[in-house]
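Trainee: I am new to this one. Can we go through the terms together?

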Amino acid sequence: MNPELTLDLDIILEIYRRMVRIRQFEDRLYQMFLQGLVPGTLHQYQGQEAIASGVCVALRPDDVVFSTHRPVGHAIAKGVPLPGIAAELWGKATGCAGGKGGQMHMVDAAVGFPPSSAVVGSNIPMATGAALGFKLRGLDRVAVSFFGDGASNTGAFHEGINLAAVKDAPVIFVCENNQYAASTHVSLAMRISDIADRAKAYGIPGSVIDGMDAIAVYQSASQAVARARNGAGPTLLEYKTYRFMGHSRGDPGGYRTKQEVDQWRSRDPIQRLQNALIAQYSQPAGSLDQIEQDILAEVDAAIQFAQASPDPDPESTYRHVFAE
Ligand SMILES: Cc1ncc(C[n+]2csc(CCOP(=O)(O)OP(=O)(O)O)c2C)c(N)n1
Ligand SMILES: [Mg+2]
């Protein structure tokens, strides 16, 4: 039997919804950015949606996700409400970080999303620390760190994973290998072709998974989550993927060939899941269109909310600097 058919339809539809929500929101931001309507910078997530969505659907609401400089997709997938994300991008008082964080600093403790960190690699030991805290308090919650191929070359990667391994901390290390750290191809930054091989050095399981296949992402993440929750310790999951857009705003992308970008775009993870929903789960194309229309309305509403929201009160500048 096709293993895809063993998965509950509701789960696949939930993964699909989250992926479409990320794509629609990110595409809208891109269009508005080109019109000069988005303040600040953008590090976009198009192409990688299967990873955030597949992993987060495998989590409970009280599990926590530590993200990076590219956090919008992770935040949406973990359930941070779109209006708060949009308002944060516009630096408004109603933003999820009160308008003080901007694009790289999404946060919502209520849905298990501690502040994302733009310091590459730093969120790896943070996730280990949170997971150790859960373990010491006897809780069966898990922590996830999302990070890139570039982050896997930092010292924080080594320290964070090694400590988690020796302590059997309930954490999942999710490496999104999108082939580039800014403009540097992975082959120029490491001698190995699979980052998952590094798991051996820490005595934990590591696997390589197709990050454009949402169902494979969900299945691999579910196994790692079950292992962590059962006290068996951390797992390193390397998802091979690609970012469809530039590294950040204004990246002309001259370091990638059109042929390479087109080849990866032809493996679009949303199109792939849509095909599976239609062909194997007999979902009418119309019902998937309806999901997309509903999400477009959510995106419109979130952006209108952000644009209509007030700027932060100058008096709030020194709030959240010291413990109150
Ligand atoms: C410690 C540190 N060094 C450098 C930077 C600048 N920087 C921001 S993103 C980035 C590339 C990160 O690549 P990767 O980890 O593969 O993540 P991706 O951008 O591909 O998602 C760099 C070098 C930073 N933010 N932090
Ligand atoms: Mg990368």
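What follows is a short talk about a metal site and a ligand.

Mentor: This is a predicted model, where local features need pLDDT of at least 70, side-chain atom pairs count only at pLDDT 80 or more, and totals for chains, interfaces and linings use all residues. Residues are numbered from 1 along each chain, chains are lettered from A and ligands numbered from 1 in the order written, and side-chain values use heavy atoms, without hydrogens and water.

Trainee: What makes Asp 149, Asn 178 and Tyr 180 donors of the magnesium ion (ligand 2)?

Mentor: Donors are N, O and S atoms within 2.8 Å of the metal (3.2 Å for Na, K and Ca); water is not among the atoms, so sites may look incomplete. Asp 149 (OD), Asn 178 (OD1) and Tyr 180 (O) lie 2.1 to 2.2 Å from the ion, so they count.

Trainee: Why is Asp 149 called buried?

Mentor: Buried means under 20% relative accessible area (exposed is over 50%, partly exposed in between; 1.4 Å probe, protein chains only). Asp 149 has 2%, so it counts as buried. Tyr 180, at 6%, is buried too.

Trainee: How do you know that Gly 150 makes a polar contact with ligand 1?

Mentor: Such a contact is a pair of N or O atoms within 3.5 Å. A backbone N or O atom of Gly 150 lies 2.8 Å from an oxygen atom of ligand 1, so the pair qualifies. For Asp 149, a polar side-chain atom is 3.1 Å from a ligand 1 oxygen. A polar backbone atom of Tyr 180 is 2.9 Å from an oxygen atom of ligand 1.

Note on methods
Polar contact = N/O pair within 3.5 Å; in protein donor to acceptor, adjacent residues only side chain to side chain.
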